[in-house]
Amino acid sequence: MKMQYLPKIHSPADVKALDASELPVLAREIRAFLVEHVTKQGGHLASNLGVVELTIALHRVFDSPHDHMIFDVGHQSYVHKILTGRADAFPTLRKNGGLSGFTRRDESEHDPFGAGHASTSLSAALGMAEADAAAGSDAYTVCVVGDGAFTGGMIHEALNNIRPDRRLIIILNENEMSISPTSGRFADYLSIMRSSEGYHDIKNSTRELLASLPLIGDALVGGVRDVKQTFKNLLYHSNYFENMGLYYLGPIDGNDPETTETMLRVAKEAGQSVLLHVKTRKGKGYPPAEEAPDVFHAVPSGRYYRKNDIVPDTSLNYSDVFGHSLLRYMQDRDDLRVITAAMAVGTGLRCVTQAKPEYLYDVGIAEEHAITFAAGLAAGGLHPIAAIYSSFLQRSYDNIIHDAALQHLPMTLCIDRAGYNEGDGATHHGIFDVAMLAQLPNTEICAPMSYASLRRYLKISFDADGIYAIRYPKGAPDEVLYERFTAHSAPEAAMKTDFMPLADGKQVLIVTYGRITEEAVKAEETLSVLGISAGVLLMEQLTPFEKREQEILMHVTEETQMIVYLEEGIYNGGAGMILCDGLRDACAERGIRQKILAIRNPFAKSEVGRRMIDVAGIDAGSIVSAVCDVLN
C-alpha cells in the first residue's frame with residue numbers, strides 16, 4: 001500500500017494538523033503498517049488493529065506528553081508508538097535492544113507509565129491525576145482499559161478510590177475479547193449496558209430540545225442531572241460507573257473517527273472524572289484477525305503473512321502437551337478441575353475448553369482469585385490444577401502462602417513461560433517462581449525436560465500432599481539433549497529418575513535444571529577441549545533440596561574440585577543458593593569450591609545482538625570463564 005500520510009507523522013502535532021477528511025486514509029495506512037510489521041516481527045496484532053481510530057482521536061484531543069496517556073497492559077499501544085515518532089523503530093519490535101511490545105518509561109516521554117500485566121493502569125492513572133492536582137497542573141490523565149482488564153480486581157479497587165473532581169478520563173475499550181473470550185459477571189453487565197443503547201439517543205434528543213428553548217434552555221440543561229440519573233436508573237436499574245462517582249458517556253462506536261473525537265472532547269470539557277465507554281472491533285481491517293481475534297492476539301514472528309490465510313503451526317510445545325495430557329487424565333479422574341486466568345489458549349487449554357467445559361473455570365484476569373478459588377476447591381475435596389504464566393503467578397504470591405500452603409491444601413501449579421521470554425521483555429520473564437516457591441513448606445517444584453517427564457509429573461501431582469509446581473518454558477524441549485542424560489540408564493529407570501546420573505571422576509560438576517541445561521552441556525564440551533573434565537547433573541525434581549544435596553555428594557570424588565550451580569532464575573533465594581548453602585560444610589571439608597551462576601539483576605535491559613542469558617552471565621562462555629578463574 002502506498003503511504004500518503006503516515007510517513008509525515010513524526011509527533012502528535014502532525015496528527016492534529018490533518019484535516020478530519022484525511023483521517024480514514026491515515027487509519028488504513030496504519031493498519032497496513034501494523035499487519036506488515038507485526039506479522040514479520042511478532043507481537044500483538046488484533047488489539048492494535050481495533051484501536052486505530054481511538055488512538056488517533058486521543059492524540060488530536062489531548063496533548064501528549066503534557067497530558068498522560070496510559071494503556072492497560074500496554075500491548076495495545078503500537079498505534080500510540082507510531083503516532084509519537086517511533087514508526088521507524090518498528091523493524092526492531094520485540095527484539096533485544098529494540099522497541100518494546102509494551103509501554104516503557106525509558107523508551108519515550110510519551111509513555112508515562114510502563115506495563116506488561118493487566119489491570120494496573122487505573123491505579124497508576126489515579127495516582128498521576130492526584131499528583132497533578134497537588135501540583136496545580138492542568139494536565140489530563142487518560143487511561144485506556146480493555147474490557148478484559150476490567151475482570152481484574154485492581155481496576156475495581158482503583159474505581160473505589162476515584163474522586164469525581166479529578167482531570168481523569170477512563171476509556172473503557174470494549175471489544176468483547178481479552179486474550180480468551182471475556183467471562184464473568186462484569187462481562188454480563190456490559191452486555192446489559194450494550195442492550196440499552198437506545199437510552200443515549202433519548203438523552204441526546206432531550207438535551208438538544210431543552211437547549212433550544214429561549215432564555216431558559218441553558219439553565220434547564222445544567223439542572224437536569226438528577227432527573228437524568230432517575231431516568232437512567234429506570235432503564236439501567238443502575239449504572240455501575242456513575243454509582244462509583246464517574247460521569248458516564250457511551251457506549252459509542254470507537255471505530256468511528258468523528259464520533260470518537262467528538263465524545264473525547266465532551267469528556268475533556270466535562271470538568272470531572274469521566275468514563276467513556278467505546279466499542280471497537282478487535283482485528284479490524286484484517287479479515288483473518290477479525291474472524292479469529294484470539295488466535296491473532298499475539299502473533300509469532302513470521303507465521304502469518306499479508307495474505308488472508310493462516311499458515312498453521314503444527315508443531316507441539318509444552319503448553320499443548322500439558323493441555324492434551326490433562327484432558328486424557330480427566331477421562332479417568334472425576335475430581336480434577338482446571339483454572340485459567342483468561343489464558344485458556346496461551347496455556348494450552350483450548351482442548352479442555354472444547355471437550356470438558358464444565359471442568360474448566362476461566363476466572364478472568366484475576367490470578368489472586370484463581371489461587372484462592374483453587375484452595376476452596378481443594379478444601380471441598382476436588383483437585384485443582386491452576387495453569388498460569390510464571391510472571392503472572394507473582395500476582396498471587398500472598399494467596400499461595402496464606403490460602404494454600406498455610407492450610408496445607410493440595411493443588412497443582414502448572415507454571416508456563418518459565419525462564420527468560422526475550423520477545424516480551426522484563427515484565428514477562430519467568431525468573432522469580434523458583435525462589436518464591438522454594439521458601440514454602442509442603443511445596444514441591446519440578447522442571448520437566450521432555451514431554452514424557454511433563455506427563456509423568458502431572459500425573460504424580462494429582463496425589464501430592466500439598467502444592468506441586470511444574471514449571472516449563474515457552475516452546476518445545478530438546479529431546480536430543482534430554483536423551484544425553486537418559487542414555488546412562490535403562491529406559492524404564494530413566495522414566496523414574498528425578499536426578500540424571502553421569503560418569504564419576506569429574507573435576508567440575510555443573511548442577512542445573514530447565515532449558516539452560518543446553519548452556520551447561522556446551523560449557524562441558526568447551527572445558528573438555530581445555531583439558532578440564534566436567535559433568536552436568538540435571539535436576540528435574542528440585543525439591544526436597546536435602547535429597548538433591550545428598551545426590552550431588554554421591555557424584556563427588558577425589559578428583560572433584562568445583563561445583564557450579566547454574567540457574568535461569570534469580571540468584572537471591574534460588575535453588576543454587578539453597579543447594580550451595582546446604583553443601584557448604586561438606587564442600588569445605590573436601591576442599592571443593594562452589595560457584596553460583598544465576599540472575600543477579602532481574603531487571604537488566606536487553607542489548608542489541610545479545611541474548612538475555614549472555615547479559616545475565618549464565619551462558620556457556622560465562623560458565624567456562626568462572627571455572628577457569630578458579631582452577632587455573
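Student: Why is E261 called buried?
Tutor: In this predicted model, E261 has a relative accessibility of 13%. Buried means under 20%, so E261 counts as buried.

Student: Where does E261 lie, and what is it in contact with?
Tutor: E261 lies in helix α13, which covers residues 257-268. Leaving aside neighbours within four places in sequence, E261 is in contact with L23, A57, R60 and V61. To count as a contact, heavy atoms must be within 4.5 Å.

Student: Why is E358 called partly exposed?
Tutor: Good one to try next! Its relative accessibility is 48%. Exposed means over 50% and buried means under 20%, with partly exposed in between, so E358 counts as partly exposed. You can find E358 in the loop between α16 (350-355) and β9 (360-362). The C-alpha atoms of E358 and R337 are separated by 8.7 Å, with their positions 21 residues apart along the chain.

Student: And what makes H402 partly exposed?
Tutor: Use the cut-offs again: partly exposed lies between the 20% and 50% limits. H402 has 45% relative accessibility, so partly exposed is the right label. H402 sits in helix α19, residues 397-405. Its C-alpha is 9.9 Å from that of A375, and the two are 27 residues apart in sequence.

Student: How do you know that I599 is buried?
Tutor: The relative accessibility of I599 is 2%. The limit for buried is under 20%, so I599 counts as buried.

Student: Which residues is I599 in contact with?
Tutor: I599 is in strand β17. Setting aside neighbours within four places in sequence, its contacts are Y420, I431, E567, E568, G569, I570, Y571, A616 and I618. I599 and F432 are 167 residues apart along the chain, and their C-alpha atoms are separated by 9.8 Å.

Student: How much of the whole protein is buried?
Tutor: Buried residues make up 57% of its 632 residues. Among contacts between residues at least 6 apart in sequence, 76% join residues at least 24 apart.

Student: How do you know that the span of helix α29 is close to the expected one?
Tutor: Helix α29 covers residues 620-631, twelve residues in all. From its first C-alpha to its last, α29 reaches 17 Å, and 16 Å is expected at 1.5 Å a residue, so the two values are close.

Student: Which residues of α29 are buried, and what do they pack against?
Tutor: The buried residues are A620, I623, V624, A626, V627 and C628. They pack against β14 (508-512), α24 (517-529), β16 (562-570) and β17 (593-599).

Student: What makes a space a cavity, and how many are there?
Tutor: In a cavity, a 1.4 Å probe fits but cannot get out. The search of the whole structure finds three cavities of 30 Å³ or more. The largest cavity holds about 90 Å³ of space. Residues lining the largest cavity include A418, R471, Y513 and E568.

Student: How many of the residues lining the largest cavity are charged?
Tutor: Three are charged, seven are nonpolar and two are polar. Glu and Arg count as charged, and the lining includes R471, R515 and E568.

Student: What about the second largest pocket? How much space lies in it?
Tutor: About 770 Å³ of space lies in the second largest pocket. Of its 33 lining residues, R104, A115, G425, A426 and T427 are the closest to its centre. By class, the lining has nine nonpolar, 16 polar and eight charged residues.

Key:
Residues numbered from 1 in each chain as written. Predicted model: local features only at pLDDT ≥ 70, side-chain atom pairs only at ≥ 80, totals over all residues. Heavy atoms only, no water. Buried < 20%, exposed > 50% of the residue type's maximum accessible area, 1.4 Å probe, protein only. 1 Å grid on protein atoms, 1.4 Å probe; cavity = no way out; pocket = protein on both sides within 12 Å on 5 of 7 lines; lining within 4 Å. Points joined across faces, edges and corners; volume = space filled by probe spheres on them. Helix = DSSP H or I, 4+ residues; strand = E, 2+ residues; numbered from the N terminus.
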